[in-house]
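Thanks, everyone. I would like to take a few minutes to walk through one model, beginning with a single strand and working outwards from there, so please have the view open in front of you.

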Amino acid sequence: MNLQPGLPVDLHTLPLETEAVPADMVEDGAPVAGAAALAEVGEVEVGVWEMTPGVATDIEADEVFVVLSGRATVEYLDPALPTAEIGPGSLVWLTEGMSTRWTVTETIRKVYVAG
């Protein structure tokens with residue numbers, strides 16, 4: 001999907017194609033995840049990402065995101081930073097190469113801006 005100038009999109013109901021999180025990333029449960037890139041502004045991508053309950057690790061890209069719905073805990077494995085409890089309205093900045101563990105307790109949906 002591509003955004004059209006001036007036309008709103010309901011990010012809460014936007015359908016996403018999801019698939020199982022790769023087994024080598026899953027630590028608990030059977031989470032599925034999906035994303036949709038919506039627009040490119042210069043060299044920056046804007047999109048939506050979602051993950052169902054479970055525990056999975058990830059190596060992050062440079063991005064800033066805002067949680068639209070759901071709840072999760074993000075543990076920063078490398079670099080070691082305080083664990084973050086996130087939910088609707090949370091704004092988080094991740095940098096490329098961060099190693100994280102996501103414990104999703106309610107399906108989480110976020111809008112992201114990534115470079």
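Strand β4 is mostly covered, with 6 of its 8 residues buried, and I should say at once that what you are looking at is a predicted model. On one side, β4 pairs with β3 in the antiparallel sense over 8 bridges, with V41 standing opposite V44 of β4. The hairpin that these two strands make has 2 residues between them, and within that hairpin G42 takes a positive phi near 65°. β4 is also joined by 7 bridges to β9, again running antiparallel, and here W49 has K110 of β9 as its bridge partner.

From β9 we can move on to β6, since these two strands pair in the antiparallel sense over 13 bridges, A72 being the residue that stands opposite V104 in β9. A72 also stands opposite I86 in β7, a strand that runs antiparallel to β6 and is joined to it by 4 bridges, the two forming a hairpin with 2 residues between them. β6 pairs with β8 as well, in the antiparallel sense over 4 bridges, and in that pairing F65 stands opposite V92.

Which residues have the most contacts inside the largest nonpolar core? In this core of 20 residues they are F65, I86, W102 and I108, and the elements that contribute two or more residues to the core are β4, β6, β7, β8 and β9. There is, in addition, a second and separate core of 9 residues, which includes L11, L14, V48 and L68. As a general point, nonpolar side chains in soluble globular proteins tend to be buried together. To come back to F65, if we leave aside its neighbours within four places in sequence, its contacts include I86, L91, V92, L94 and W102, and also K110 and Y112.

Finally, the largest pocket, which has a volume of about 380 Å³. It is lined by 21 residues, of which M25, A33, W49, D58 and E60 are the closest to its centre, so that W49, the partner of K110 in the β4 and β9 pairing, appears again here. By class, the lining comprises 14 nonpolar, 1 polar and 6 charged residues, and at least two lining residues come from each of β1, β3, β4, β5 and β9. β4 and β9 thus appear both among the strands that supply this lining and among those that contribute to the largest nonpolar core.

Note on methods: Residues numbered from 1 in each chain as written. Predicted model: local features only at pLDDT ≥ 70, side-chain atom pairs only at ≥ 80, totals over all residues. Heavy atoms only, no water. 1 Å grid on protein atoms, 1.4 Å probe; cavity = no way out; pocket = protein on both sides within 12 Å on 5 of 7 lines; lining within 4 Å. Points joined across faces, edges and corners; volume = space filled by probe spheres on them. Nonpolar A, V, L, I, M, F, W, Y, C, P; charged D, E, K, R; others polar. Core = buried A, V, L, I, M, F, W, Y, C linked by side-chain atoms within 4.5 Å. Buried < 20%, exposed > 50% of the residue type's maximum accessible area, 1.4 Å probe, protein only. Contact = heavy atoms within 4.5 Å. Pairing = 2+ DSSP bridges.
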